[in-house]
Protein chains: 2
Amino acid sequence: MTTDNTIAGATKLNFSKLNGLVPAVLQHAETKEVLMVGFMDGEAWEQTLQTGLVTLFRRTLGRVQVKGEEDGKFVYVQRIVVDCDDDTVLLEVVPEAPVCHYGYESCFIKEILLKQR
Amino acid sequence: MTTDNTIAGATKLNFSKLNGLVPAVLQHAETKEVLMVGFMDGEAWEQTLQTGLVTLFRRTLGRVQVKGEEDGKFVYVQRIVVDCDDDTVLLEVVPEAPVCHYGYESCFIKEILLKQR
């Protein structure tokens, strides 16, 4: 549900809760599959808004990186929705290639078998 | 896509990247809507596995809390999938009431209007 349409920039993200980062959930715009969770700092957020390409702060690299930088297979943003307290971003995306570096469509690959209830 | 079925406990989450926490994405099991992103510490994770009720580490409270503790409207876990590097959890859930404390089905309520490309 979306109740409030906001121009880019009107919603200020709260980067303070997570040492300058906000989680960014990538959901496939068509299949609705959750593909991965990354993080954005202010630079990654602005760059994503400007380019329409998913751009993340990569904690392992310690820097901002366009998703697909290495192989030119980018992830296109179709829709962005910010949560109620401005500390998380949901991006509906269309990727040019599987987002998981293991070659899977989604990074979520390990199902935990739950006890029957 | 799920390639690896794992009994609870066989997958050890990596809590080290985020000061003892992992992000937990709540996705509605039926509508596939992304409802919210919370965080889990080890205790919240174990409690979720044991009870089948979404249990989060609430940063604002500084403690673990069963989602719905206040009003008895719980969020039931149907499926859990851990990501490739064991630092994020995806929970497919069925909530008894809207998860957002503003009364919305999803916390993601502020759409960012993107420039036409």
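A salt bridge is a side-chain nitrogen of Lys or Arg within 4 Å of a carboxyl oxygen of Asp or Glu. By that rule, the count between chain A and chain B is six salt bridges. The model is predicted. Its two chains are related by a turn of 180 degrees with a shift of 0.0 Å along the axis, which lays chain A on chain B with an RMSD of 0.0 Å.

**Symmetry**
- This relation is that of a two-fold axis.
- Within chain A, Lys32(A) has the C-alpha nearest the axis, at 3.1 Å.
- The copies meet through the same surface, because 100% of the interface residues of chain A are also interface residues in chain B.

**Interface**
- Contact involves 54 residues of chain A and 54 residues of chain B.
- The two chains bury about 4,900 Å² between them, with 59% of this on carbon and sulfur atoms.
- In one salt bridge, Arg79(B) pairs with Glu111(A), and the closest N and O atoms are 3.2 Å apart.
- Polar contact across the interface is found for 18 residue pairs, both residues being at pLDDT 80 or more.
- Elements giving two or more residues to the side of chain A that touches chain B include strand S1 (4-7), helix H1 (42-51) and strand S8 (108-113) of chain A.
- S6(A) gives the most to that side, with seven residues.

**Nonpolar cores**
- The largest nonpolar core has 34 residues, and Leu26(B), Met40(B) and Trp45(B) are among those with the most contacts inside it.
- Elements of chain B that each supply at least two residues of this core include helix H1 (42-51) and strand S6 (75-83).
- Trp45(B) touches residues including Ile112(A), Leu13(B), Phe15(B) and Val89(B).
- A second, separate core of 27 residues includes Leu56(A), Val77(A), Val82(A) and Leu91(A).

Conventions:
Residues are numbered from 1 along each chain as its sequence is written. Chains are lettered from A and ligands numbered from 1 in the order in which they are written. This is a predicted model: local features need pLDDT of at least 70, side-chain atom pairs count only at pLDDT 80 or more; totals for chains, interfaces and linings use all residues. Side-chain values use heavy atoms; hydrogens and water are left out. Copies are superposed by least squares on the C-alpha atoms of residues with pLDDT of at least 70 in both. Contact means heavy atoms within 4.5 Å. A nonpolar core is a set of buried Ala, Val, Leu, Ile, Met, Phe, Trp, Tyr and Cys residues joined through side-chain atoms within 4.5 Å. Buried means under 20% relative accessible area, exposed over 50%, partly exposed in between (1.4 Å probe, protein chains only). Helices (H or I, at least four residues) and strands (E, at least two) are DSSP runs, numbered from the N terminus. Buried area is the accessible area (1.4 Å probe) that two parts lose on being put together, summed over both. A polar contact is a pair of N or O atoms within 3.5 Å; within protein, one must be able to donate a hydrogen and the other to accept it, and residues adjacent in sequence count only if both atoms are side-chain atoms. Lists of a residue's contacts leave out its neighbours within four places in sequence.
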